[in-house]
Amino acid sequence: MEKLSDLYSNVISNNMNTIMKVLTSVSIVMTVPTIIGGLWGMNTANLPFANHPFAFWYLILISFGLSFLIIYL
């Protein structure tokens with residue numbers, strides 16, 4: 001009976017480790033657009049694409065591109 005309890009404990013621990021790995025990966029991927037948006041939103045002079053009408057969409061594309069690169073790696 002003790003071996004069965006150890007087996008259940010190991011299965012639950014393994015499932016929890018798998019879930020924690022996935023959640024950690026998701027949080028790392030989601031940090032990249034947050035950092036880019038935070039840096040771009042600071043009140044600084046001479047930002048790249050500051051006067052371009054599609055600057056927002058360029059930042060979105062860069063954020064998605066870097067996020068997909070991190071997922072790929």
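Start by selecting phenylalanine 68: at 54% relative accessibility, this residue counts as exposed, where exposed means over 50% relative accessible area, buried under 20% and partly exposed in between, using a 1.4 Å probe and protein chains only. Before you click on, know that this is a predicted model, where local features need pLDDT of at least 70, side-chain atom pairs count only at pLDDT 80 or more, and totals for chains, interfaces and linings use all residues. Residues are numbered from 1 along each chain as its sequence is written, and side-chain values use heavy atoms, with hydrogens and water left out.

**Aromatic pairs**

How many aromatic pairs are there to find? The count comes to two, taking rings of Phe, Tyr and Trp (its six-membered ring) as a pair if their centres lie within 6.5 Å; planes under 30 degrees apart are stacked, over 60 edge-to-face and the rest tilted. Select phenylalanine 56 and tryptophan 57 for an edge-to-face pair, 5.0 Å centre to centre with 75 degrees between the planes. Phenylalanine 56 is exposed at 51% relative accessible area, and tryptophan 57 is exposed at 52%.

Now go back to phenylalanine 68 and add phenylalanine 64: these two form a stacked pair, 6.3 Å centre to centre and 25 degrees between the planes. They sit four residues apart in helix 2, so about one helical turn separates them. Helices here are DSSP runs (H or I, at least four residues; strands are E, at least two), numbered from the N terminus. An α-helix has 3.6 residues a turn, so residues three or four places apart point the same way.

**Along helix 1**

Next, select helix 1, residues 2–40. Its 39 residues reach 57 Å from first C-alpha to last, close to the 57 Å expected at 1.5 Å a residue; the expected span is 1.5 Å times one less than the number of residues.

Click on tyrosine 8, which lies in helix 1. Is tyrosine 8 buried or exposed? Tyrosine 8 is exposed, with a relative accessible area of 51%. Draw a line from its C-alpha to that of asparagine 51: the two are 43 residues apart along the chain and separated by 60 Å.

Which residues of helix 1 are buried? Pick Val29, Val32 and Ile36, and notice that what covers them includes helix 2.

**Two serines in helix 2**

Select serine 63, found in helix 2. Serine 63 is buried, at 9% relative accessible area. Leaving aside neighbours within four places in sequence, serine 63 is in contact (heavy atoms within 4.5 Å) with Pro33 and Ile36. Isoleucine 35, in helix 1, is partly exposed at 47%; its C-alpha is 9.3 Å from that of serine 63, although they are 28 residues apart in sequence.

Move to serine 67, also in helix 2. Serine 67 counts as buried at 7% relative accessibility, and touches Val29, Val32 and Pro33, not counting residues up to four places away.

**Last stop: the pocket**

Rolling a probe the size of a water molecule over the atoms shows where empty space is left. The largest pocket has a volume of about 170 Å³. On a 1 Å grid over the protein atoms alone, a pocket is an open set of points where a 1.4 Å probe fits, with protein on both sides within 12 Å along at least five of seven lines; lining residues have an atom within 4 Å of a point. Grid points are joined across faces, edges and corners, and the volume is the space filled by probe spheres set on the points.

Select the lining, which includes Met30, Trp40, Phe56, Ser63 and Ser67. Helix 1 and helix 2 each supply at least two of the lining residues. By class, the lining has nine nonpolar, three polar and no charged residues; Ala, Val, Leu, Ile, Met, Phe, Trp, Tyr, Cys and Pro count as nonpolar, Asp, Glu, Lys and Arg as charged, and the others, Gly among them, as polar.
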